[in-house]
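Trainee: Could you take me through one part of this model in detail? I would like to look closely at the aromatic residues and then at what surrounds them.

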Amino acid sequence: MTWDWFLLSFHSLGVFIATIILVIQIWFLIVKKDKTYPTYWLIGLFTSFAVMLSGYVFAYSVYNPFSAYHRYMTIFTLFGQVCFLVFSYYFPKNDTPKESKVIIPIGFILAIGAYSHFVYNTFKMEKIYNFEAHAYNFDFGAQTAMIILLIFLLSLQVLLRKTIRYSEYDGRFKKWLIKPGEANLSFYIKHYFSRFIVGFIKFLFPRGKEAKAVKTFFIVLVLLIVTAITNVLNKAGILSYEYYAMYYSNSTLIICFVMLMAYINSSGEPTTFMVKLVGISLVAVLLVIGFVSNITLYLSESDYDNQRVAQITAQKHNIVTSNYSELPSEIRYILKKPMNVEPFGRKLELLYVANDENISQELIDDNEKKSNAFLIKEKKTQLQKKNPKLSAEELESKSIEEFKKSRQYKNLFESLSEENKRLYREAGNHYTYFDIKEGQERYEVGFSYKEYRIHTHKNSLKLFIVTIVTTILVLILFPIFFESSLTKPLNQLLRGVHKVNLGNLDVVVPIKVQDEIGFLSSSFNSMVASIKQAKEELQDYANTLEEKVEERTKEVQEKMNEVQALKIQQDGDYFLTSLLTKPLFINANKSEIVKVDFIIRQKKNFEFRNKAAELGGDVCITGNLKLGKQNKFRRYTMAMNGDAMGKSMQGAGGSLVMGVVMNSIMARSASGGKILDTTPEKWLTDAYNECHSVFKSFNGSMVLSATVTLIDDSTGDMFYWNAEHPFSILYRDAKASFIEEDLQLRKLGLESEYEFKVRRFKLLPGDVLLLASDGRDDIDLTPNEPVRTINDDESLILGIVEEAKCDLDLIEKILRKKGNITDDLSMVKVMYNEGLVEIPQEEFAQDPTPVAVNETSNLLDVSEAYLLGRQLYQEGKIQDSLEVLGKGFLRNDSNPKLNKLLGLISFKAKNYHLASHSIGKYIEHDPRDEEMCYYLSLSLKKTGNYFTSLETARRVYELNPNNVNNLVNLSDLYRISGNKLNAKVFSEKALAVDANNKNALRLLAMILESEKNLA
């Protein structure tokens, strides 16, 4: 009996290794005790996969048309998918029994129907040999693949719902998850939106053992779908069959092993450590063998190709000169071909055929037509459905055109173009061939394909034997090795632990080898001995405890009486100081535009005469100033945060001094609605000099760090100095960042090597400024450990601010979750409100006679409209004010006072079209009003009128070249209009005026990045 039909191919070994692993896993599950219901369906899944892989082993190893029937084994995976569907419903329990009773039978019906349909249609179908797979096959099965995908998706949705159902959730959306009864539309929207978001979170981050286990199987199923996708990529010509087969076998092996491990770890069924060790070892060894085998077989195929190419090279002269009598017997035929490798319409000429070879020109031509028809078959079917009226010639021509546009054609063309590359041909028999070129001629030299299979079979057979022997050795020797060196010592240790749990402290675990387990056993013996000794000492101590407690209690009570007397005296001093500091730390801000809030949490907490109080060195003060001329001034909001050095009384003394000095300065500057004829820079300079002088008088025994800011309510311009205080934090667009980059000034009371300078910064609408003492950084990250670990990451606070969205209470809460705050903590939050524009005070300099609101429909003149509009604005009725002023503007648009007030209020209300129109009319009256020209430019930019906005901004530049806000506006307008050069120039001009202007820095970075991209 000859075995010339049994020829192992390049792909045989990979699927054989995967089959071995699956068979072992099936055997493990079958002999497992206390199996649950899902286990049986997992056995069914693995069995179907094993049958499928066995089919591939059969296909790759049997060189006979009969092997095409391997497809009856491979599509057995249909039943495996149904087994997985049942497993999905029942693992770990069936929560939807009614649904499963419907879906599971449907799955089985689909599988049986698809399998029967496949067998019925292929039983007498022509068998096609796939040279890339080196196996016989049927040109059929797309419908079956769709059924497999459908069953995949059924299992996928079951596992998805189970993961969400089993996962726990306790987040911010929890309150909306309660199903609404009688509720409004808003509640229903929040409810269903929250359910969606929570489901998404629960799936991405499952909590709970069951939820995590179910998600593992969901991921495994997705990986199986990915494997199916690689099959589609292979059929589309994107992925070669060589890589597809290697990926398919290895991925199936790994996926099934992961499924088994996940099930063992989550099902609660008993198993042993030995199973996991041997299983993982075997999988690892077989994967290595598979990898090495692929390399070995690849080299074997390269060796075959090199031998054939060497033969062709040696006979090249005889082939070209038609001297065929000298050709070796391995060359079976020679074809002459056109230089163009285009497969359609080419002419092939048979030049030579070996004497014992049954090949003819007719067979060559028939094979060429058949191959080309097979290539365009799919395109032809698609075109015929779209255009059923096409003639046979038109259909053929258009199908070829469509195929030439595909990736498959590109790969085919590149393959046919390569010289000395092994290709295949079917013409009666199967052949391998190589192309050679000589001058303007191209020749195809053919060899027996069976000889190629025999060459591969010899090397594959050796690897098969190695794989089988290795598997047997691992299954026999590894358990013996692990038993003596690992599992036996571990079991002895476990028995010792079990005895100790029962109360036996005379246990001694034997130690044979001083390895890691030996060290663990030795430590366990020492621990048990220590527990036994401690138990004996504890019993002895318990016998004499009462006498010792009585003696020690008497001594402690005497000392406590002395300490209590001293503490009462000290707490009195603390309480008096806290009473003095409390009225100094006030939030006196009244601005509606710049909102301020602060908290102070002093570290020292105490109680005096049943009154709780706190004492420390942190200080927060806010207030408002009016700076400028009497008839034209600006409102400013002052915020100060300070931290006096020293603990308890020393720090409290420093904060008390700063509170008195700063409140005194504010009282002199702002009492009685006073308007100071000075600049914010000058006011801050004077305040610094006065505070610094006071603290210097203490000769270094009392110093204080502080940040003091002045914020222009109308523009958001911030003026400040920072005397060695923690960096100020800007919270903008949900991102937190430091304003300062380095130290600018030493503490108040210390000599400073830095020159004093008032710094500037631009707050944008919606910005939040946070000033905080160093309590924000001084956090003990290990409060329960004997050695403290103090946070040294200054940027930690930025993440906390972003997480808390700059909410002071939430920031404090998160800080305390991080650890113990070891210092005083104070924070000042300054909010610059969006869209608020300050109306100049001269607009309300006089107190007009009130006008009744109900007279708006019968206005007599523009003056009355102006008075009523102003009154409504002062009462906070902005929309009513706009309506009245707008009617007056329509009646007469030449009143400057009305135009200016209407322009400012409409800009504040974000009605930029009305603002640009009314401010434009006002500018006709006073073209040199720098501020109104600036607002006009902004309004025009908001409405998209960039050219006129640019012209207006240039007019502001002529009026005041140092208006930093206008310089930034000019830079942005030039950037929008595409003039990158001028945009860069004006950004640099803005930075020359204010080096820390964030908007100018951001614009300049954008411009430079744009130039870089263009380059």
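Mentor: Tyr63, Tyr129, Phe131, Tyr136, Tyr304, Tyr424, Tyr449 and Tyr452 come together as one aromatic cluster. Keep in mind as we go that this is a predicted model. A search of the whole structure turns up 46 aromatic pairs, and one of them makes a handy warm-up. Tyrosine 37 and tryptophan 41 meet edge-to-face, with 6.2 Å centre to centre and 70° between the planes. Both residues belong to helix 2 (residues 37-61), where they sit four residues apart, about one turn of the helix. Tyrosine 37 counts as partly exposed, because its relative accessibility is 44% and the partly exposed class lies between 20% and 50%.

Now compare a pair from the cluster itself. Tyrosine 63 and tyrosine 129 are also edge-to-face, at 5.8 Å centre to centre and with 75° between the planes. This pair links distant parts of the chain: tyrosine 63 is in the loop between helix 2 and helix 3 (71-74), tyrosine 129 is in strand 1 (residues 128-130), and 66 residues separate them. Both tyrosine 63 and tyrosine 129 are buried.

Another member of the cluster, Tyr424, leads us to the sheet. Five strands make up this open sheet, in the order 4-3-7-6-5 and with antiparallel pairing. Strand 4 (349-353) and strand 5 (423-427) each have a single partner strand, so they stand at the edges and one side of each lacks a neighbour in the sheet. From one strand to the next, the twist averages 30°. Within the sheet, strand 6 (residues 429-438) and strand 7 (residues 441-448) run antiparallel and are joined by eight bridges. One of the residues to look for here is glutamate 438, whose bridge partner in strand 7 is glutamate 441.

Two helices are worth adding to the picture. Helix 12 (residues 361-375) packs on the sheet and touches strand 3 (331-337), strand 4 and strand 5, its direction making about 115° with that of strand 5. Helix 15 (residues 407-417) lies across strand 5, strand 6 and strand 7, and runs at about 70° to strand 6. Strand 5 thus appears in the contacts of helix 12 and also in those of helix 15.

Since you like ring contacts, here is one with a charge: lysine 215 lies over the face of phenylalanine 203, at 5.2 Å from the ring centre.

Further along the chain, try glycine 628, which is placed in strand 11 (residues 618-628). Its relative accessibility of 16% makes glycine 628 buried, because the cut-off is 20%. Leaving aside residues up to four places away in sequence, glycine 628 touches Phe633, Ile675, Leu676, Asp677 and Thr678. With leucine 676, which is 48 residues away along the chain, the C-alpha separation is 6.1 Å.

Finally, have a look at a hairpin. Strand 15 (residues 729-732) and strand 16 (residues 735-738) run antiparallel and are joined by four bridges. Tyrosine 731 stands opposite alanine 736 in strand 16. Two residues lie between the strands of this hairpin, and aspartate 733 in the turn has a positive phi of about 55°.

Technical notes. Residues numbered from 1 in each chain as written. Predicted model: local features only at pLDDT ≥ 70, side-chain atom pairs only at ≥ 80, totals over all residues. Heavy atoms only, no water. Pairing = 2+ DSSP bridges. Axes fitted to C-alpha atoms, helices over the stretch in contact; angles between N-to-C directions. Contact = heavy atoms within 4.5 Å. Phe/Tyr/Trp six-rings, centres within 6.5 Å; stacked < 30°, edge-to-face > 60°. Buried < 20%, exposed > 50% of the residue type's maximum accessible area, 1.4 Å probe, protein only. Lys NZ or Arg CZ within 6 Å of the ring centre and 35° of its normal.
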